[in-house]
Amino acid sequence: MATTHKTRMLIIGSGPAGLTAAIYGARAGMEPIVVQGLQPGGQLTITTDVENYPGFRDVIQGPWLMQEMQAQAEHVGTRMIWDTIVDIDLSGPPFRASADSGDVFEADTLVIATGAQAKWLGVPGEQLLSGKGVSACATCDGFFYRGKKVVVIGGGNTAVEEALYLTNHAEHVTLIHRRDALRAERILQQRLHAHPKISVLWNKAVAAFTGDPLAGGLKAVELVDTVTGEGSRVETDGAFVAIGHAPATSLFAGKLELDESGYIVVQPGTPKTAIPGVFACGDVMDHTYRQAVTAAGTGCMAALDAERFVAELDFAVGQLTQA
Ligand SMILES: Cc1cc2nc3c(=O)[nH]c(=O)nc-3n(C[C@H](O)[C@H](O)[C@H](O)COP(=O)(O)OP(=O)(O)OC[C@H]3O[C@@H](n4cnc5c(N)ncnc54)[C@H](O)[C@@H]3O)c2cc1C
């Protein structure tokens, strides 16, 4: 039977942003509810080695880190619910969120931490070799390719930035683009073309990633010439798919301001949306950094601001009651 859950603080999303908001919210006595969504623990659950989350000298595993974060959030008083929000009413407080199960959540304050998924090519071998040579994040995984050969797929700013970043680690970077011109800003293109470690393959679409996930991972990228149709192959140690991200914001379209790429617009330097009491944190509002630690940082900020909002709400209600 459908239930209505009332809470001071509802958090949508259970990645580093949502769980950090939950830890701070719970410790502030707000007894938060986290609706986990289809990917409990968020994107780090689909990776293996994490070497850049502070506090761990040795490499840790993404799923383990997220289990620990969830355990910490629960330990301090967070309620986790495995459901997905399918509709939202932001005319509150209270804000109302309807879940896939039919349950309804009513909250004095709302923290949106639904993340942004990397876009993938959808070609054979891509998912099989993901984390085994195929990646969508140079900042996260570039370090593992020291002295190796890598390819970057894409033609926009992200692809060019990733290619340039990877030259810090890799011996050689090949940018693969399906057209004969890049979309990236001119200054980035100039830096790319001037770089001695980077070469570009024009008019090439990726047809498949090949290799064995259990024996050495990615071996090669199979290509098709978009003009002649001719097939070719590039042997490589790593492939970075850099064709953009899709923020999980369809729920908020028409209800919150989104930028041209679909990210939630917040007041600069804060997690505050235009609606008082509604906060956004993590990758869903950050198209620049998109790291676990930045998601956790903005999750903390969202919870601190949410706590202040609830305190002001209580004060205003108290004043009304006395009048
Ligand atoms: C393969 C890979 C490797 C990575 N490696 C690293 C790394 O080594 N170091 C690093 O710092 N970063 C890494 N990242 C990036 C990092 O994972 C993200 O920056 C981080 O997870 C963002 O956290 P988030 O909480 O904002 O969103 P996410 O982790 O994306 O979590 C989003 C959450 O929202 C939930 N959700 C979405 N829609 C709904 C809905 N309608 N209702 C309820 N819940 C919903 C999802 O289920 C999920 O729990 C990696 C990413 C990938 C994909």
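Which residue in β16 is the bridge partner of Leu 223? Keep that in mind; the tour ends there. One caution before you start: this is a predicted model.

**Stop 1: the two domains**

Colour residues 4-118 together with 245-322; this is domain 1. Give residues 134-241 a second colour; this is domain 2. The C-alpha centres of domain 1 and domain 2 lie 33 Å apart.

**Stop 2: the largest nonpolar core**

Select Ile 11, Ala 21, Val 111 and Cys 281. The largest nonpolar core has 53 residues, and these four touch the most other members. Now add helix α6, residues 292-322. Helix α6 gives the most to this core: nine residues. In soluble globular proteins, nonpolar side chains tend to be buried together.

Zoom in on Ala 21. Ignore its neighbours within four places in sequence. The contacts that remain are Ile 11, Val 111, Ala 113, Cys 281, Gly 299, Ala 302 and Ala 303.

Apart from this core lies another, of 30 residues. Show some of its members, including Val 150, Ala 163, Ala 170 and Ala 242.

**Stop 3: strand β11 and its partners**

Select residues 149-153, strand β11. Is β11 largely enclosed or open? Four of its five residues are buried, so the rest of the structure largely encloses the strand.

Next, show strand β12, residues 172-176. β11 and β12 pair in the parallel sense, over five bridges. Click on Lys 149 to find one of them: its bridge partner in β12 is His 172. Then trace the chain from β11 to β12. The path goes through helix α4, residues 157-166, and this β-α-β crossover is right-handed.

β11 also pairs with strand β17, residues 238-241. Four bridges join these two strands, which run parallel. Pick Val 151 and look across to β17: its bridge partner there is Ala 239.

**Stop 4: an open sheet**

Now show β14, β15 and β16. These three strands form an open sheet in the order β14-β15-β16, with antiparallel pairing. The edge strands are β14 (204-212) and β16 (231-235), and each pairs on one side only. Turn the view to look at the twist, which averages 25° from one strand to the next. Strands of a sheet pair through backbone hydrogen bonds, either parallel or antiparallel.

Finish with β15, residues 217-225. Five bridges join β15 to β16, and the two run antiparallel. Select Leu 223 and look across to β16. There is the answer to the opening question: the bridge partner of Leu 223 is Ser 232.

Technical notes
Residues numbered from 1 in each chain as written. Predicted model: local features only at pLDDT ≥ 70, side-chain atom pairs only at ≥ 80, totals over all residues. Core = buried A, V, L, I, M, F, W, Y, C linked by C-beta atoms within 7 Å. Buried ≥ 20, exposed ≤ 12 C-beta atoms within 10 Å, placed from the backbone. Contact = placed C-beta atoms within 7 Å. Pairing = 2+ DSSP bridges. Right-handed = clockwise from strand over helix to strand, strands pointing away. Domains from an automatic or database assignment. Axes fitted to C-alpha atoms, helices over the stretch in contact; angles between N-to-C directions.
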